[in-house]
Amino acid sequence: MQKIEVKEYLPQIMNELPKGILLSTKNGNKYNTMTIGWGQVGIEWGKMFFTVYVRHGRFTHKQIEASKEFTVNVPTDRKSVAKAIAYCGSRSGENLDKFSDCGLTVVDGISVNSPAIKEIPLTIECKVIYQQEQCLENIPPEILASCYPQDIPSDNPRANRDFHTVYYGEIVHAYIL
Ligand SMILES: Cc1cc2nc3c(=O)[nH]c(=O)nc-3n(C[C@H](O)[C@H](O)[C@H](O)COP(=O)(O)O)c2cc1C
């Protein structure tokens, strides 16, 4: 395990994020992971955050509400995990074990209970210290129309009805397994 400075990996993170990276959680004994394409690394209150956007209907939303932590798992060899990223972005983990379905190996986190993933070794461990609901009246109408058209209900992995909770995950550890 090699500890890393997240700021040195920003180009890689920004390159991979729009293609889909993983956001992993653990609540009690239940592990889950989902694909995300939105997020930011940034600084507020003198702390470094990985900020993620999770629609209300996602199983991941329940997991983070309960655990207040997550890991971000950034592919370093996309070809080898492309199928897993697609699967984890199109199925709810509520009644599935997406890790075993995709042949992904869960590895215990260091400072959080949320897991690292052997096959996706670049790991950012985060503790949620702040969260915010989107203020709908501040979202430009063209974005409301394109991102929240309201025609796919919450229980569908492609739901577009729900809005997002913004979770500010303070980065507490970052490493390559
Ligand atoms: C490339 C890609 C990016 C995605 N980005 C996000 C995102 O940033 N936030 C979000 O709430 N859902 C996003 N999704 C949708 C979730 O990954 C999908 O609904 C998933 O099935 C949710 O899993 P869960 O119910 O187990 O949490 C994305 C899907 C794909 C394929």
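These notebook entries record what I looked up in a predicted model of one protein chain with a ligand.

**Entry 1. Overall form**

I began with the chain as a whole. I counted five helices and 10 strands. The radius of gyration is 15 Å, close to the 16 Å that the globule rule gives for 177 residues, so the chain is as compact as a globular protein of that length. Along the principal axes, the C-alpha atoms fill a box of roughly 45 × 40 × 30 Å. I then looked up burial and found that buried residues make up 32% of the 177 residues. For contacts between residues at least 6 apart in sequence, I noted that 72% join residues at least 24 apart.

**Entry 2. Strand S10 and its partners**

I next followed strand S10, residues 164–176, through its pairings. Strand S1, residues 2–3, runs antiparallel to S10 and is joined to it by two bridges. Here lysine 3 stands opposite tyrosine 175. S5 also pairs with S10 in the antiparallel sense, over seven bridges. Within that pairing I looked up tyrosine 53, whose bridge partner in S10 is valine 166. Strand S9, residues 122–133, pairs with S10 over 11 bridges, again in the antiparallel sense. One of the residue pairs I noted there is lysine 127 with glutamate 170 of S10.

**Entry 3. Threonine 165**

I stopped at threonine 165, which lies in strand S10. Is this residue buried, exposed or partly exposed? Threonine 165 has 19 C-beta neighbours inside 10 Å, and it therefore counts as partly exposed; a buried residue would need 20 or more. Beyond its neighbours within four places in sequence, I found threonine 165 in contact with Val54, His56, His61, Gln131 and Glu133. For glutamine 131, I also looked up the separation: its C-alpha atom is 6.8 Å from that of threonine 165, although the two residues are 34 apart along the chain.

**Entry 4. Strand S6**

How many residues of S6 are buried? I found six of the six buried, so S6 is largely enclosed by the rest of the structure. In a regular strand, side chains alternate between the two faces of the sheet. I therefore checked each side of S6: Glu69, Thr71 and Asn73 are buried on one side, and Phe70, Val72 and Val74 are buried on the other. Both faces of S6 are thus covered.

I then looked up the strands that pair with S6. S2 runs antiparallel to S6 and is joined to it by three bridges; leucine 22 stands opposite asparagine 73 in S6. S9 is joined to S6 by six bridges, and these two strands also run antiparallel. The bridge partner of phenylalanine 70 in S9 is cysteine 126.

**Entry 5. Helix H2**

I turned to helix H2, residues 59–67. Its buried residues include Phe59, Thr60, Gln63 and Ile64. Viewed down the axis of H2, the buried residues fall within an arc of 130°, so they line one face of the helix. I listed what covers them: among the covering elements are strand S2 (21–27), S3, S5, strand S6 (69–74), S9 and S10. After H2 comes lysine 68, for which I noted a positive phi, near 55°.

**Entry 6. Helix H3**

In helix H3, residues 78–88, I found Val81, Ala84, Ile85 and Cys88 buried. Seen down the axis of H3, these buried residues fall within an arc of 105°, so they line one face of the helix. Lys79 and Lys83, on the other side of H3, are exposed. I looked up the packing of the buried residues and found them against S2, S3 and helix H4 (98–101).

**Entry 7. The ligand**

I ended with the shell around the ligand, which I found to hold 19 residues. The closest are Gly37, Thr60, Gly89, Gly93 and Pro157. Which elements each supply at least two residues of the shell? I recorded strand S3 (30–36), strand S5 (47–55) and helix H2 (59–67). S3 gives the most, with four residues. By class, the shell has seven nonpolar, nine polar and three charged residues. I noted that Thr60, one of the closest residues to the ligand, is also among the buried residues of H2.

Methods: Residues are numbered from 1 along each chain as its sequence is written. This is a predicted model: local features need pLDDT of at least 70, side-chain atom pairs count only at pLDDT 80 or more; totals for chains, interfaces and linings use all residues. A residue is near a molecule or strand if its C-beta atom, placed from the backbone, lies within 6 Å of it. Ala, Val, Leu, Ile, Met, Phe, Trp, Tyr, Cys and Pro count as nonpolar, Asp, Glu, Lys and Arg as charged, and the others, Gly among them, as polar. Two strands pair if DSSP finds at least two bridges between them. A residue is buried if 20 or more other C-beta atoms lie within 10 Å of its own, exposed if 12 or fewer, and partly exposed in between; C-beta atoms are placed from the backbone. Two residues are in contact if their C-beta atoms, placed from the backbone, lie within 7 Å. The arc is that of the directions from the helix axis to the C-beta atoms. The radius of gyration is taken over C-alpha atoms; the globule rule is 2.2 Å times the number of residues to the power 0.38.
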